[in-house]
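This report describes selected features of one protein structure. It treats burial, strand pairing, backbone turns and cysteines in turn.

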Amino acid sequence: MSDRENSLIKLQDLASFLDAGSFDDNMQQLAAIAARVLNAENCSLMLLTETEDEAGEMNDLCLRVCGSCGPLPAAAYKETTRTGEGIAGRVVATGKPLLIEDIERSEFAQWARRASDPRKSLLSSPIAIDGKTIGVINISGHLQGRSFTRDDLSLLDVVALFVGKAIQVVQLQNILKSRFTQMALMQFAEKDIGSALECAVANPDQVARILAKSFYKEMTRAGFGSSQIINAASEIVGQLSGSLSRHSKRIEQNTPG
């Protein structure tokens, strides 16, 4: 069986991807499947997210790692990449995939993460939902030690399409599981569930703000005071910190020393 035929068979895993786990776990699984399809050791999924300045105002969109396969420092999950910056930033800004034959001899040498790895070739392709770029998928470290080719880049473009659809499915699944989310979105979209779901998939950062506002309004209507609301918000931050800590430990455990 040829490598191309084998890769097409592996694509079935992406085509049938449907998981009921957390969003973070789903992204890890998608990265692992994508790496397997490309016969690569490393894969990272980066999604666009809004950032806030010190005044709480929203800044430009930045890329953040949300899933990976292969060695990747846990600190990488805390880093952000601006649009136009580095390989992923270039890809998301132009909407075009990139094939880097030798990272150390390219204009992106300063962003090389694995200086000791003799495999210098890598791929990067935009992830889109309904024609809108939402992130980037990066591939490096071919398991056979060879450089990636244009054929590999074409295959990654196909994988990116499946990944975009899988992310869309995961987002919709999570929304449909939460009655509170459904109600908050329907109120925002004036009772139109179709518009609510479209909003959720197109702009998850906006959805997060809608939920935060709805949470505040509901607690206020229920008669809770400022101190109780602050305690509830602190509990959310505490739960998130615990989740991120466990996630970082899993990454470190799976990273070779």
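A residue is called buried when its relative accessible area is under 20%, exposed when over 50%, and partly exposed in between, using a 1.4 Å probe and protein chains only. The model is a predicted one, in which local features need pLDDT of at least 70 and side-chain atom pairs count only at pLDDT 80 or more, while totals for chains, interfaces and linings use all residues. Residues are numbered from 1 along each chain as its sequence is written, and side-chain values use heavy atoms, with hydrogens and water left out.

**Cysteines**

By the burial scale, Cys43 counts as buried because its relative accessibility is 3%. Cys69 is partly exposed, with a relative accessible area of 23%. A disulfide is defined here as a pair of cysteine sulfur atoms within 2.5 Å. In general, a disulfide is a covalent bond between the sulfur atoms of two cysteines. The structure holds 0 disulfides. Why does Cys43 form no such bond? The cysteine sulfur closest to that of Cys43 belongs to Cys69 and lies 6.8 Å away, which is too far for a bond. Cys69 is likewise in no disulfide, since its nearest cysteine sulfur is that of Cys43.

**Strands E5 and E6**

Helices (H or I, at least four residues) and strands (E, at least two) are DSSP runs, numbered from the N terminus. Strand E5 covers residues 122-129, and 7 of its 8 residues are buried, so this strand is largely enclosed by the rest of the structure. Of the 11 residues of E6, 9 are buried, so E6 is also largely enclosed by the rest of the structure. Two strands are said to pair if DSSP finds at least two bridges between them. Strand E5 has pairing partners in E4 and E6, as set out below.

| Strand pair | Sense | Bridges | Opposed residues |
|---|---|---|---|
| E4 (residues 98-100) and E5 | antiparallel | 3 bridges | Ile100 and Leu122 |
| E5 and E6 (residues 132-142) | antiparallel | 8 bridges | Leu122 and Ser140 |

Leu122 of E5 thus stands opposite Ile100 and also opposite Ser140 in E6.

**Ser125**

Ser125 lies in strand E5, and its bridge partner in E6 is Ile137. Is Ser125 buried or exposed? At 2% relative accessibility, Ser125 counts as buried. Its side chain makes a polar contact of 2.7 Å with the side chain of Asp157. A polar contact is a pair of N or O atoms within 3.5 Å; within protein, one must be able to donate a hydrogen and the other to accept it, and residues adjacent in sequence count only if both atoms are side-chain atoms. Contact in the wider sense means heavy atoms within 4.5 Å. Not counting residues up to four places away in sequence, Ser125 touches Val91, Pro97, Gly135, Val136, Ile137, Leu156, Asp157 and Ala160.

**Helix H3 and positive phi angles**

Helix H3 spans residues 86-94, and its buried residues include Gly86, Ile87, Ala88, Gly89, Val91 and Val92. Gly95 follows H3 and has a positive phi near 75°. Asn39 has a positive phi of about 55° although it is not a glycine. This residue is found in the loop between helix H2 (23-37) and strand E1 (40-52).

Asp130, also not a glycine, has a positive phi of about 55°. Asp130 sits in the hairpin of E5 and E6, which has 2 residues between the strands. With a relative accessible area of 65%, Asp130 is exposed.
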